[in-house]
Amino acid sequence: MTESMAVPALSGTQVAVLAAYAELIEEVGSDDVSFRLVARRAGIAERTVFRNYPTRVDLLLATASWIDATVFAREQSHSIFDIPLAIGDAMRRYDARPELAHVVAEAAMRGVSGAAPAAGRAQLERLLDAEVPSLDAAQRRAVIVALSHLDSAGTWVTFRREFAMGGRDIADAAAWAAEAVLDSIRNRVARQGYEG
């Protein structure tokens, strides 16, 4: 659906480190992975890992960004009204790789890119402006906020942990909620088509 987090250009060594860390997270969890283990898996010296990612938080945030842009990379939607299907698909993909989804969600809560907008926000804004240009600023913001929140690993983690929902139920619930958000503007699009 929406584009994933932007990942700065990475060197081959950086990709090897991030891929190794992601593999180890899935095997043993993020708490039990040492820099030494990451280095061994990546086939490099431990000091090379430290040179690229001086702290555990640096490594975690970079890995989360890389996971979101590669493991959970998505096709771009061509209509704002395709977003619920894409969100449902994203939830199923998070469910298939839960350890990695948790890392992405944790990084998002820590602010992986500082004050940067949510991943995919620019695409949501572009689609909404193209298809429903008559929204006022408050309505536009409400739709963008709701869809951005629903389309996140954080939503998957919340539904999973707080409501003990299974993968299919999470996908259905998130897609249904996105449809409910978009229902509020469907008539406007139909009217624009009739008048235009």
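**Helix 9 and its surroundings**

Colleague: Which residue follows helix 9 and has a positive phi?
Modeller: Quick warning: this is a predicted model, where local features need pLDDT of at least 70, side-chain atom pairs count only at pLDDT 80 or more, and totals for chains, interfaces and linings use all residues. Residues are numbered from 1 along each chain as its sequence is written, and side-chain values use heavy atoms, leaving out hydrogens and water. Helices here are DSSP runs (H or I, at least four residues; strands are E, at least two), numbered from the N terminus. Right after helix 9, with phi near 50 degrees, comes Ala164.

Colleague: Is Ala164 buried or exposed?
Modeller: Ala164 sits in the loop between helix 9 and helix 10. Buried means under 20% relative accessible area, exposed over 50%, and partly exposed in between (1.4 Å probe, protein chains only). With 68% relative accessibility, Ala164 therefore counts as exposed.

Colleague: How do helix 5 and helix 9 lie, roughly parallel or roughly perpendicular?
Modeller: The axes of helix 5 (residues 83-96) and helix 9 (residues 153-163) come within 10 Å and cross at roughly 65 degrees. Axes are lines fitted to C-alpha atoms, for helices over the stretch in contact, and angles run from 0 to 180 degrees between N-to-C directions. Under 35 degrees is roughly parallel, over 145 roughly antiparallel, 65 to 115 roughly perpendicular, and the rest oblique. So helix 5 and helix 9 are roughly perpendicular.

Colleague: Which residues of helix 9 make the contact with helix 5?
Modeller: Contact just means heavy atoms within 4.5 Å. Helix 5 brings Met91, Tyr94 and Asp95. On the other side, helix 9 brings Ala153, Thr155, Trp156 and Arg160.

Colleague: Which residues of helix 9 are buried?
Modeller: Across the chain, buried residues make up 41% of the 196 residues. In helix 9 they are Ala153, Thr155, Trp156, Val157 and Phe159.

Colleague: How many residues of the largest nonpolar core come from helix 10?
Modeller: A nonpolar core is a set of buried Ala, Val, Leu, Ile, Met, Phe, Trp, Tyr and Cys residues joined through side-chain atoms within 4.5 Å. The largest one has 55 residues, and those with the most contacts inside it are Val38, Ile80 and Leu147. Helix 10 (residues 167-195) gives the most to this core, and its share is eight residues.

Colleague: What does Ile80 touch, leaving out residues up to four places away in sequence?
Modeller: Ile80 is among the core residues with the most contacts. Its partners are Leu124, Leu127, Leu128, Glu131, Leu147 and Leu182.
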